[in-house]
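Please look through the sequence and the model shown below before reading on. The report that follows takes up confidence, then one helix, then one loop residue.

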Amino acid sequence: MSTERRRSSGGRRRADSGRGGGRGRKPARGNAFQRFCSKAWKPFLAVSGLGLVGAIASFGIAYAMTPDIEDIEAQADASQQATVIRFANEDEVGTFGEMNRVPITYDQIPDSVVNGVLSAEQRAFFDEPAISPTGTARAVLSLGAEGGGSGITQQMARNYYDGLSQERSYMRKIKEILISLKVDQTLSREEILTQYLNTIYFGRNAYGVQAAAQAYFDKNVEDLDDAEGAFIGAIIQQPGNFENANPDDPMWEILVERWDHVVSGIPEVHDTNPELGMPQAEADALEFPEIVPRDAGDTHDGYNGYVIEAARRELTERYDVTEEQVNRGGYVVSTSIDEELMAAAEEAVAENRPEGTPEETNFGLAAIDPSTGEIRGFYGGENVFEDTDNSMLQWGQAGSSIKPAVLAAGLQNGIGLRSTFDGDSPQTFEGVGDPIQNNANRSWGTVDLVESTAHSVNTSFVQLAIEVGPQSVRDMAGSLGLPEESLESAELGPNIALGTYSVTARDQAAFYATFANQGVHFPQHMITEVRNAEGDVLEPLDAEELEGGSEAMSPDAAADATYAMRQVVEDGGAESAALSDGRPVAGKTGTSNDAASAWFGGYTPQLAAAVGIHRSDNEPVQIPGLDSLYGSTVPAAIWKDFMETAMEGEEVQDFPEPAWIGSEDSYLPTPEPSESPEETETPEETEEPSETPSETPSTDPCEDPMDWRCDDDGPGEPTESPDPTFPPPGNGDDDEDPPGQGWPGNVGSQGNRETNAP
């Protein structure tokens, strides 16, 4: 909503020659080095210790040798080169970073913007020294690795003068400090602030505050009101994350919180300098401003825009470059993205998204090469500036699609596939508040881990999580590919076996890719090479991990887990995901409580892909024409359509045979002791362990009496469609599709509605 302007934001400010005066005051320049030493001697002493005298002498010599400001080339005035993004075949995706800067004078900057920027970056800018002693000490002690402490003068020097933003090191920090002191000696604070606001990047390809005012509010900077000025200050720290923010974007809440923080600091600016800021009551009356939508340029149309924006984010995350460098550095970026698979993902979603599906519904799809961790294709949305990337940024609760992590943890801890559990429902477990129920409260009796996986039996998986320990499950999920943000999205407890973690489609694809790659995980990424403007290749921060990957589990454990997940597609709840050419497929479904999300993640030996459907507001997903949403309905249908295209012409490869590692233990409940005195006096004999499987088990499942498919009654009678009021709130993961509720090609799937804690 738009904010009514509550105070004048234009006009000239009064000059005040007294201490703490208004913006018009120009402090005596004097010797900046002397002023720094006079104000900073105590923190500097603490840092320098016994070497204080020598350090000051060396610093003074370095200061004297630093070129004057007039002799340093301003990189803001230098020609800028756009960054080029390329597909895997080296065709150009598009570019970004073209210059959009409109310099303004100090007189054109309204109080509203000054207040917002000072509150966000340095509230006592007109009175504090150019260099923060404590911030400088922190940066020096960390050899330049830690930022912080950089006031407006330092930021202006870093962004404006050539040679400062191209490295992050101890020497760069020292050089930055020296040039900042020269700046403070040469320019007034008004001149510094003007140069700062004319130089920094604000997102949306806007360099400088005038371009930012046009990009976000379609106004000239002098027309920005107080709420809009606070917004300008709020986006300075993370322009790339905030430039596309809208109410459906995961960054929206963070942006609003940042704006609130800036507004709350404006009264402090007023307390420091009564000519600036505003009283608390006026600040409290401000409302978050209305932002104009961002226009998509030609190079950002369709999926190209999502590839460009994903590459830009990854550059700052995986390479030692700043966002400022990324937007002006003239890099050439090669990616692993296959344009045909981008089109296939777009088509698969379009074909399986019925007309009338609410706009708030997010469809995520990502595909990863298991042998490298390279992202081959994904579905971002319809418009990169209006629809937040559905696969890279949007999160949804994983549901039972996380159960393979529990299975892998069990296998790594020596619990074999033939180990038996109580599959009855409901059951109460220590550490879980509500009773755990299976689909439609069905009791499966004694089940092994193959049957538990095929039919997603909740009670047995929660028991398995208890046996190996929730921390072991969490560690395994991280090793398989889930980032720390996912692992922090749920409390540690047995119910994580039912999918309380929130995940993205990209991370889910990486998770399943680790099973496909026989237990070795490679970091998920799309950039394969970066060259700077001089043609030099930059090394990624995760180069060591990319060299050989990391082992999440043994190859034998991965083979056994894959065998169990093959039954999900071949005989379990997701037969709808089977590919038409009959090639081996393994995977797992997942649906969170009340259908707030639904997933299917699966893989062939060559490619892993995950499909997720959820809403940003966590409301139940409603698909027209479908009474109930399950992982084996729309997600599995999208996955199949995409993989049919991705696997076309590829060699049919098989998975390794199951190794049947671990022991055949029983985790069934201990029988109630007999009330007979004679029996209670006789010590209970220990059961003999189960027979150890032969080294080469028979390929005929019915020769193995423990195999769930050899049940006299077959896999089990289909269950009725679950009661829509089941399960009770607070116990929430639904999974699989009930009979007769299948999506195209889904016939005869086993109903298996399941529950977990939210």
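In this predicted model, the protein chain has a mean pLDDT of 79, and 73% of its residues reach 70 or more. Two stretches with pLDDT below 50 nevertheless have contacts in the model, and they are set out in the table.

| Stretch | pLDDT | Contacts in the model |
|---|---|---|
| Residues 43-47 | below 50 | seven, beyond near neighbours in sequence |
| Residues 162-167 | under 50 | 17, beyond four places in sequence |

Helix α24 covers residues 634-646, and because a helix is expected to advance 1.5 Å a residue, its 13 residues should span 18 Å, which agrees with the 18 Å that separate its end C-alpha atoms. At the start of α24, the buried residues include Val634, Pro635, Ala636, Ala637, Ile638 and Trp639, while Phe642, Met643 and Ala646 are also among the buried residues of this helix. The partners against which the buried residues of α24 pack are α15 and the strands β4, β14 (597-603) and β15 (608-615).

Two of these partners, α15 (339-352) and β4 (361-368), are joined by the loop in which threonine 357 is found. Threonine 357 counts as buried because its relative accessibility is 9%, under the 20% cut-off. Its side chain reaches the backbone oxygen of proline 354 at a distance of 2.7 Å. When neighbours within four places in sequence are left aside, threonine 357 is in contact with Phe363, and also with Gln622, Ile623 and Pro624.

Notes: Residues are numbered from 1 along each chain as its sequence is written. This is a predicted model: local features need pLDDT of at least 70, side-chain atom pairs count only at pLDDT 80 or more; totals for chains, interfaces and linings use all residues. Side-chain values use heavy atoms; hydrogens and water are left out. Helices (H or I, at least four residues) and strands (E, at least two) are DSSP runs, numbered from the N terminus. Buried means under 20% relative accessible area, exposed over 50%, partly exposed in between (1.4 Å probe, protein chains only). A polar contact is a pair of N or O atoms within 3.5 Å; within protein, one must be able to donate a hydrogen and the other to accept it, and residues adjacent in sequence count only if both atoms are side-chain atoms. Contact means heavy atoms within 4.5 Å. The expected span of a helix is 1.5 Å times one less than its number of residues. pLDDT is the predictor's confidence in each residue, from 0 to 100.
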